[in-house]
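Visitor: I'm new to this one. Could you pick a single part and walk me through it closely?

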Amino acid sequence: MYRTVQTSFWTDPKIRALPTKAKLLFAYLITSPSSHIAGIYYLPLATISYETNLDQKETKEAMSLLVGADVVAYDKDTNTVWVKNMLRHQGRGQKIIRAVEYQLETLHHSKLIKLFLEYYQELKIAYRYPFDTLSKGGAVLSSPSPSPSSNLNGEGSGEESLPSK
């Protein structure tokens, strides 16, 4: 398996502005053995720490910086990471779209899935499960799942990320 990393990665202003450990983490998230062509996949922070040799504090700080730079999102409830532009650099075609659709089904209803689908709405990626929202009373209400050709914009982001402190 391989991932495409543009040589302009190192000259991108968002990446240049990051400290070294955040750059390491970002490069790791693109090339990790756990990564997926979609850029959204299951990856616990403990695994990141182990495979990068960053301690837990360094991992959390670097992840917070990447989230703050808006290049990554992280759902701590499901340990799902999303490298926001990764899919755009990994090729095109129906085989890739099918692989992405399958991948989304493995993510245990992460809150990032809805954001991912909105971000890549022009690709018309199908997702068969409904998105849950909370009512004022705390009861979970299920909203209808969008069809691949429908507008995937919804209210509220539901995005989870590490605190940026």
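**A close look at one helix and its surroundings**

Guide: Sure, and keep in mind that this is a predicted model. Let's start with what lies over the buried residues of helix H5: the cover includes strand E1 (40-42) and helix H6 (112-119). H5 itself runs over residues 94-105, so by the definition of a helix here it is one unbroken DSSP run. Its 12 residues reach 17 Å from the first C-alpha to the last, close to the 16 Å expected at 1.5 Å a residue.

Which residues of H5 are buried? They are Ile96, Ile97, Val100, Glu101, Gln103 and Leu104. These residues cover an arc of only 160° around the axis, which puts them on the same side of H5. Over on the other side of H5, you'll find Gln94, Lys95 and Tyr102 exposed.

Now hop over to helix H3 (residues 45-52), where you can look for a buried side too. Here Leu45, Ile48, Ser49 and Thr52 are buried. Look down the axis of H3 and these buried residues fall within an arc of 100°, so they line one face of the helix. Ala46 and Tyr50 are exposed, sitting on the face of H3 turned away from that buried side. Among the elements covering the buried residues of H3 are H2, H4 and strand E2 (72-75). Just after H3 comes asparagine 53, with a positive phi of about 65°.

Two of those covering helices also meet each other: H2 (residues 20-31) and H4 (residues 56-68) pack at an angle of about 80°, with their axes 9 Å apart. That makes H2 roughly perpendicular to H4.

How values were computed: Residues numbered from 1 in each chain as written. Predicted model: local features only at pLDDT ≥ 70, side-chain atom pairs only at ≥ 80, totals over all residues. Heavy atoms only, no water. Axes fitted to C-alpha atoms, helices over the stretch in contact; angles between N-to-C directions. Helix = DSSP H or I, 4+ residues; strand = E, 2+ residues; numbered from the N terminus. Parallel < 35°, antiparallel > 145°, perpendicular 65-115°, else oblique. Expected span 1.5 Å × (residues − 1). Buried < 20%, exposed > 50% of the residue type's maximum accessible area, 1.4 Å probe, protein only. Arc of directions from axis to C-beta. Contact = heavy atoms within 4.5 Å.
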